[in-house]
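Colleague: Before we discuss this model, I should like to hear the reasoning behind each term that you apply to it. Please set each value against its definition.

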Amino acid sequence: MTADPQHWVVLPAAGAGRRFGGPIPKQYLPLRGRRVIEHSLAVFVQHPLIAGCVIALSPEDEWWQDTAYADHPAVKRVAGGAERSDSVAHALAALAGNAADDDWVLVHDAARPCLTTEDLDRLLAALVDEPVGALLAVPMHDTVKAAEDAFGARVERTLPRQQLWRAYTPQAFRLGQLREALAHCRAQGIAITDDASAIEQLGLRPLLVEGRVDNIKITRPEDLSLAEFFLDH
Ligand SMILES: Nc1ccn([C@@H]2O[C@H](COP(=O)(O)OP(=O)(O)OP(=O)(O)O)[C@@H](O)[C@H]2O)c(=O)n1
Ligand SMILES: C[C@](O)(CO)[C@H](O)COP(=O)(O)O
């Protein structure tokens with residue numbers, strides 16, 4: 001008889017926050033009495049189904065030591081990498097000693113501080129009997145235009161929004177499969193911006209689990225005020 005899979009969390013937190021700018025990386029900015037990263041971790045550390053967390057940090061980020069989780073027994077730290085996917089891969093390697101290949105790993109951005117326990121529970125529930133893995137996502141409600149090139153301002157076509165979702169985190173996959181998928185993308189030189197994209201490159205189709213729109217990532221300065229608002233309501 002095989003044991004039920006455990007659930008682990010990987011928090012990539014080694015980004016520089018270039019689009020945000022500012023004096024320190026966005027994940028360490030103050031937000032409603034705590035740092036952004038403390039909000040992002042809190043929901044996992046308190047959750048009974050989470051076995052432990054690995055956080056990928058930039059070695060230069062001395063602000064981590066000031067957080068409530070710096071010496072927390074359930075939070076292990078590793079060095080991040082040049083890209084988000086490298087940071088995730090480093091954290092997965094660190095997990096290998098404690099976790100099984102069939103265990104679930106939930107990857108969540110350190111810069112996403114508004115995740116609710118309800119959304120996390122919905123994702124965890126979706127993993128029961130799920131063959132591939134799942135991610136929180138939000139259906140597209142806007143009318144979306146594709147431009148003729150990345151910087152072009154002229155419409156090429158209107159995309160069918162019924163098929164479009166915004167990919168959020170956490171994104172949950174089997175430890176062994178996610179490690180394989182990230183290694184495949186790295187070996188093939190395939191650039192990816194989320195973990196689901198790596199799994200898709202193996203020919204698999206992750207499950208989209210509808211989440212709250214307010215689980216935003218802090219990417220640009222205006223997102224910080226939005227996160228403040230969402231945390232208050
Ligand atoms: N080399 C990297 C790059 C990003 N991240 C993390 O991945 C998450 C989402 O990435 P993003 O919003 O793109 O963060 P940054 O890379 O910091 O932002 P930017 O692209 O604007 O520089 C963040 O929690 C960030 O810290 C990481 O761990 N390692
Ligand atoms: C995983 C992710 O949050 C998906 O939305 C990712 O961090 C996105 O990175 P982006 O380049 O800021 O879209």
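Modeller: Let us begin with confidence: pLDDT is the predictor's confidence in each residue, on a scale from 0 to 100. This is a predicted model, and its local features are described only where pLDDT is at least 70.

Colleague: What makes the protein part fit to be read in detail, and what is its mean pLDDT?

Modeller: The mean pLDDT of the protein is 96, and 99% of its residues reach 70 or more. Where pLDDT is low, predicted coordinates should not be read in detail. For the complex, the predictor gives an ipTM of 0.98 and a pTM of 0.97.

Colleague: Why is β1 called largely enclosed?

Modeller: A residue counts as buried when its relative accessible area is under 20%. Seven of the seven residues of β1 are buried, and therefore the rest of the structure largely encloses this strand.

Colleague: Which residues of β1 point one way, and which the other?

Modeller: H7, V9, L11 and A13 point one way, while W8, V10 and P12 point the other way, and all of them are buried. In a regular strand the side chains alternate between the two faces of the sheet.

Colleague: How do you know that β1 pairs with β4, and how many bridges join them?

Modeller: Pairing requires at least two bridges between the strands. Seven bridges join β1 to β4, residues 50-57, and the two strands run parallel. For W8, the bridge partner in β4 is G52.

Colleague: In which sense does β1 pair with β6, and over how many bridges?

Modeller: The sense is parallel, with four bridges between β1 and β6, residues 104-107. Here V9 has L106 of β6 as its bridge partner.

Colleague: Let us turn to the ligands. What makes K26 a polar contact of ligand 1?

Modeller: The limit for a pair of N or O atoms is 3.5 Å. An N or O atom in the side chain of K26 is 2.8 Å from an oxygen atom of ligand 1, and this pair is within the limit. A polar side-chain atom of K217 lies 2.6 Å from an oxygen atom of ligand 1, and a polar backbone atom of A16 is 3.2 Å from one. Taken alone, ligand 1 exposes 560 Å², of which the protein buries 88%. Both β1 (7-13) and α2 (84-95) give two or more residues to the shell around ligand 1.

Colleague: How many residues surround ligand 1, and how do they divide by class?

Modeller: There are 19 residues around ligand 1, and A14, G17, R18, S87 and K217 are the closest. The shell divides into seven nonpolar, five polar and seven charged residues.

Colleague: Which residues are around ligand 2?

Modeller: They are R19, R84, D109, R112, A167, T169, T193, D194 and K217. By class, one is nonpolar, two are polar and six are charged.

Colleague: How far are polar side-chain atoms of R19, D109 and K217 from oxygen atoms of ligand 2?

Modeller: The distance is 2.9 Å for R19, 2.5 Å for D109 and 2.7 Å for K217. On its own, ligand 2 has 350 Å² of accessible area, and the protein covers 75% of it.

Colleague: Finally, why is D119 called buried?

Modeller: D119 lies in helix α3, residues 117-127. Its relative accessible area is 1%, and the cut-off is under 20%, so D119 is buried. The side chain of D119 also makes a polar contact with the side chain of R122, at 2.6 Å.

Methods
Residues numbered from 1 in each chain as written. Chains lettered and ligands numbered in written order. Predicted model: local features only at pLDDT ≥ 70, side-chain atom pairs only at ≥ 80, totals over all residues. Heavy atoms only, no water. Near = heavy atom within 4 Å. Polar contact = N/O pair within 3.5 Å; in protein donor to acceptor, adjacent residues only side chain to side chain. Areas by Shrake-Rupley, 256 points an atom, 1.4 Å probe, with all protein chains shown as cover. Nonpolar A, V, L, I, M, F, W, Y, C, P; charged D, E, K, R; others polar. Buried < 20%, exposed > 50% of the residue type's maximum accessible area, 1.4 Å probe, protein only.
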